[in-house]
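Visitor: Hey, got a minute to walk me through this one? I'd like to start with the ligand.
Guide: Sure, let's pull it up.

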Amino acid sequence: MKIASCDILVIGGGPAGLMAARKTARKGVKTLLVEKESQFGLKVCGEAVSADALAEAEISPWESSICGREINRVLVYPPQEEKKVEISAGAIGYSGGYILNKMAFLEEMGRSALQEGTEIWMAAVPNQLVRHDGLFRCTIDIAKGVQLVEAKVVIGCDGMNSLVARTFFNRKGYRRISCLQYEMANCHLADPTRLEIFLGSNVAPGGYLWIFPKGEGLANVGIGTQGVPARKCLDKFIDAHPRRFQKAQVLSMGAAPVPIGGQIEELVQDGLMLCGDAAGQVIPLTGAGIHSAIAAGRMAGQVAAEALIEGDISRKRLSIYPEQFNETWGKRIADSLKAEQLIVKLSDQELNQLADIFTGQDIVDLANGFNLTRVGIKLLKYPGFAATIARGLL
Ligand SMILES: Cc1cc2nc3c(=O)[nH]c(=O)nc-3n(C[C@H](O)[C@H](O)[C@H](O)COP(=O)(O)OP(=O)(O)OC[C@H]3O[C@@H](n4cnc5c(N)ncnc54)[C@H](O)[C@@H]3O)c2cc1C
């Protein structure tokens with residue numbers, strides 16, 4: 001069998017992999033990215049990103065085909081919906097954001113990776129990855145048959161069911177939540193620049209439900225649940241909200257899990273790195289993982305390329321990537337996980353009471369793991385369950 005060789009093999013063409021490949025190729029390192037699907041961005045996604053995530057991806061928000069709809073506000077509804085809490089961009093330092101056309105966004109990231117010199121194989125399915133004589137050997141099913149690839153470094157960006165993680169890493173504590181989303185047309189949304197999030201045991205046990213507007217009545221309407229079927233809950237919610245959905249129609253449906261158990265402990269080994277969903281790098285309370293995946297891909301790609309150029313791809317050298325990631329994202333993910341574990345246990349009544357106490361800033365700080373201490377100190381002033389949460393946060 002003919003052997004193709006590269007310096008760095010990136011497995012998976014999502015936000016993490018496309019960023020990692022762009023960065024390694026930019027440093028002049030021979031990079032091959034393999035994506036199992038024939039198109040980027042087929043996985044279902046709410047498509048909400050902050051403006052900061054676009055900056056991290058080095059993509060201009062003025063690319064209108066990519067950034068469908070600008071978002072200025074978020075409304076969070078507890079079970080008693082009239083107690084909703086508003087998060088407004090600007091007022092509290094939340095940078096606002098966009099609902100992406102994620103497919104177009106990833107195609108643009110793919111174009112950038114190609115321009116930097118990455119070779120990309122689409123519809124290429126790796127089926128075995130082994131170490132061999134100090135290199136990695138990967139057999140890959142492609143249209144022409146089976147291709148053997150040899151690489152010095154492998155970066156696993158292959159999502160939840162990562163081949164790289166399953167083969168080489170221990171993902172103890174890796175936990176997922178089931179998600180389902182409809183893309184719906186003819187929705188009646190009062191404000192198309194506003195995200196809506198709904199909580200409660202009657203709506204989304206163990207998770208939340210989202211309505212993300214895409215303009216002209218189009219919306220991503222999705223749900224994450226634990227222990228109950230997501231579809232039944234989503235249909236029930238749609239039936240219970242006729243003002244928004246009376247004339248609405250489902251254009252497409254997709255389901256996929258999101259890892260919400262926090263980042264796994266080990267992200268690198270000799271010649272190996274793991275990024276994005278594959279490594280659990282998702283903000284647990286929100287389930288958002290696009291920005292963190294791009295950040296991880298950027299750091300891992302830069303570190304891998306520099307390590308190769310220096311001739312040291314040991315675990316120690318590659319550990320600069322987790323060190324950099326943990327300085328910012330690692331702590332946020334750990335703090336958001338802490339908050340998620342407290343919030344998920346609350347009764348509907350407690351969620352309603354919390355909505356009376358919380359401001360938009362409190363929700364942003366808690367959900368994103370920005371500042372648990374400030375929220376904890378605030379909650380200490382309240383008796384009962386609020387004080388219990390406070391002690392958990394502090
Ligand atoms: C329903 C839902 C809604 C979401 N909404 C949002 C949101 O609004 N905002 C947000 O920030 N995050 C959201 N997320 C999370 C977000 O989608 C992920 O965290 C993010 O895409 C992770 O990027 P990634 O590159 O690590 O993995 P992925 O996006 O999963 O990409 C992995 C890529 O690798 C490919 N692949 C997998 N296995 C192999 C293999 N063996 N060989 C080759 N290729 C392979 C896949 O086809 C895919 O293209 C949502 C997730 C779900 C499921």
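Guide: One definition before we start: a residue counts as near a molecule if its C-beta atom, placed from the backbone, lies within 6 Å of it. Also, this is a predicted model.

Visitor: Okay, how many residues surround the ligand, and which are the closest?
Guide: There are 39 residues around the ligand, and the closest are Gly12, Gly14, Gly46, Gly276 and Gly289.

Visitor: What's the mix of classes in that shell?
Guide: The shell around the ligand has 20 nonpolar residues, 12 polar ones and 7 charged ones.

Visitor: Which helices and strands supply at least two residues of the shell?
Guide: Two helices do, H1 (15–26) and H7 (290–310), along with strands S3 (48–50), S9 (125–132), S12 (176–185) and S16 (249–259).

Visitor: And where does the ligand lie relative to the domains?
Guide: It lies between domain 1 (3–44 + 103–171 + 264–318) and domain 2 (71–100 + 176–259), because both give residues to the shell around it.

Visitor: Let's go back to H1. Is it mostly enclosed or open?
Guide: Largely enclosed by the rest of the structure, since 11 of its 12 residues are buried. Among the buried ones are Arg22, Lys23 and Thr24, as well as Pro15 and Leu18.

Visitor: What covers the buried residues of H1?
Guide: The cover includes strands S1 (3–11), S2 (31–34) and S11 (145–156), plus helices H3 (102–115) and H7.

Visitor: How does the length of H1 check out?
Guide: At 1.5 Å a residue, the 12 residues of H1 should span 16 Å, and the end C-alpha atoms are 17 Å apart, which agrees. After H1 comes Gly28, with a positive phi near 85 degrees.

Visitor: New topic: which residues touch the most other members of the largest nonpolar core?
Guide: In that core of 126 residues, they are Leu9, Ile155, Met273, Cys275 and Ala304. H7 gives the most to this core, with 12 residues.

Visitor: What does Cys275 touch?
Guide: Leaving out residues up to four places away in sequence, the contacts of Cys275 include Ala16 and Ala20, Ile155 and Cys157, and Ala293, Ala296 and Ala300.

Visitor: Last one. How far apart are the centres of domain 2 and domain 3?
Guide: Taken over C-alpha atoms, 21 Å separate them. The contact takes 15 residues from domain 2 and 12 from domain 3. On the domain 2 side, the largest share comes from strand S6 (residues 85–88), with 4 residues. By class, that side has 8 nonpolar, 5 polar and 2 charged residues.

Note on methods. Residues numbered from 1 in each chain as written. Predicted model: local features only at pLDDT ≥ 70, side-chain atom pairs only at ≥ 80, totals over all residues. Nonpolar A, V, L, I, M, F, W, Y, C, P; charged D, E, K, R; others polar. Domains from an automatic or database assignment. Core = buried A, V, L, I, M, F, W, Y, C linked by C-beta atoms within 7 Å. Buried ≥ 20, exposed ≤ 12 C-beta atoms within 10 Å, placed from the backbone. Contact = placed C-beta atoms within 7 Å. Expected span 1.5 Å × (residues − 1).
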